[in-house]
Amino acid sequence: DFQYAAWQMIYLLTTPSRVYKNSQIRKHTKNQWARDDPAFMVLLSAFLAVSSILFAVILKLSVPGFFKFLLWVVFIDFIGVGLVIAGICWYACSYLTRRDNSSQTVEFGYSFDVHCNAFFPILVILHVVQPLCWHIFIDGDSRLATFLGNSLWLLGIASYIYITFLGYAALPYIRGSEKILYLVAVLTFAFVFSVVLNANWGRHLINFYRYRIGE
C-alpha cells in the first residue's frame, strides 16, 4: 500500500514512534515484526534517486557520472552499509542483549526495516536540505559555514540513532536498548571537535563523492 508507506515516511519525520506502534500491531496480527509489503522500499528507492539529482547538480556531473553516482548511493551507501548495520544490530539483539528468560530472536528483516526507517530522515536532511542550502551557507571556508553545515549532519545522524533506538526499544524481549543513545554523546563531541578544527563535513563528503566516481 503506497499511501500507507507514504504516511509512514511522514511519521518518521514528525512522530517516528508511531511507525513502531504499527510494527507491534503487525506482530499481533501477522506474527512478524518485519514489513511484508515492498511499498516502503520502492518509495524510499525512488526518493533516493530523485534526491540524488540535487547532489548531481552540485557535483556538476555528466549523465554517465550521475548514473554511476546513483549506483554507488543505492547499492553501497544505502543497501551495503545498511546490511552491515542491520547485521551488527541483529546479532547484538539476538545474542547479546536478549532477556535471559526469552527464547525469541530478532528477525533480520526487521533489523533492515529499522535501518530503512532511520535512513529516510537522514536522507531528507543530507540529500535534500543540504544541497538546497549548499551555496547559501555551507560551501564556505568560515567556521560559521562549518558550524551550520555540520549542524545538519548532527541532526541527521542523531535522528538515525534515535529512530534506531525506537526500533529496538519496541521489542519487549530486548534489554538495554537505551545504550544506543550513547552514540549521540559521541556524535556531539565529534561535532564540537569538527567546528573547533573548522572541518566542514559537507565539503569532505563532496570531495569524497567526486573521488569515487572519478569526476
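## Close-ups of a predicted model

A search of the whole structure, which is a predicted model, turns up 4 salt bridges. The legends below visit some of them, along with one helix and two cysteines.

**View 1. Arg35 and Asp113 form a salt bridge.** The closest N and O atoms of Arg35 and Asp113 are 3.6 Å apart. Where do the two partners sit? Arg35 belongs to the loop between H2 and helix H3 (39-59), while Asp113 belongs to helix H5, so this pair ties together parts that are 78 residues apart in sequence. Are these two charged partners buried or exposed? Arg35 is buried, with a relative accessible area of 18%, and Asp113 is buried too, at 11%.

**View 2. Arg212 meets Asp77 in a salt bridge.** Start with Arg212, which you will find in helix H8 (residues 201-213). The closest N and O atoms of the Arg212 and Asp77 salt bridge are 2.6 Å apart. Because Asp77 lies in helix H4 (residues 63-96) and Arg212 in helix H8, the pair ties together parts that are 135 residues apart in sequence. The side chains of Arg212 and Asp77 are also joined by a polar contact of 2.6 Å. Arg212 counts as buried, at 11% relative accessibility. Which residues does Arg212 touch, leaving aside those up to four places away in sequence? They are Lys68, Trp72, Val73 and Asp77.

**View 3. Asp139, Asp141 and Arg203 are linked in a network of salt bridges.** Look at the link between Asp139 and Arg203, where the closest N and O atoms are 3.4 Å apart. Asp139 lies in the loop between H5 and H6, and Arg203 lies in helix H8, so this pair ties together parts that are 64 residues apart in sequence. How accessible are these two residues? Asp139 counts as partly exposed, at 39% relative accessibility, and Arg203 counts as partly exposed at 28%.

**View 4. Helix H2 has a buried side and an exposed side.** Helix H2 runs over residues 17-30. With 14 residues at 1.5 Å a residue, helix H2 should span 20 Å, and its end C-alpha atoms are indeed 20 Å apart. The buried residues of H2 are Val19, Tyr20, Ser23 and Arg26. These four cover an arc of only 100 degrees around the axis, which puts them on the same side of H2. Here is a handy rule: an α-helix has 3.6 residues a turn, so residues three or four places apart point the same way. On the other side of H2, Lys21, Ile25, His28 and Thr29 are exposed. What covers the buried residues of H2? The cover includes helix H1 (2-14), helix H5 (108-138) and helix H6 (143-169). Just after H2 comes Asn31, with a positive phi near 60 degrees.

**View 5. Cys93 and Cys116 are cysteines without a disulfide.** A disulfide is a covalent bond between the sulfur atoms of two cysteines. How many disulfides does the count come to? The count comes to 0. Why does Cys93 have no such bond? The closest cysteine sulfur to that of Cys93 is in Cys89, 6.1 Å away, which is too far for a bond, since the cut-off is 2.5 Å. Cys116 is in no disulfide either, and its nearest cysteine sulfur, that of Cys89, is 13 Å away. Cys93 is buried, with a relative accessible area of 7%, and Cys116 counts as buried at 1% relative accessibility.

Notes: Residues are numbered from 1 along each chain as its sequence is written. This is a predicted model: local features need pLDDT of at least 70, side-chain atom pairs count only at pLDDT 80 or more; totals for chains, interfaces and linings use all residues. Side-chain values use heavy atoms; hydrogens and water are left out. Helices (H or I, at least four residues) and strands (E, at least two) are DSSP runs, numbered from the N terminus. The expected span of a helix is 1.5 Å times one less than its number of residues. Buried means under 20% relative accessible area, exposed over 50%, partly exposed in between (1.4 Å probe, protein chains only). The arc is that of the directions from the helix axis to the C-beta atoms. Contact means heavy atoms within 4.5 Å. A polar contact is a pair of N or O atoms within 3.5 Å; within protein, one must be able to donate a hydrogen and the other to accept it, and residues adjacent in sequence count only if both atoms are side-chain atoms. A salt bridge is a side-chain nitrogen of Lys or Arg within 4 Å of a carboxyl oxygen of Asp or Glu.
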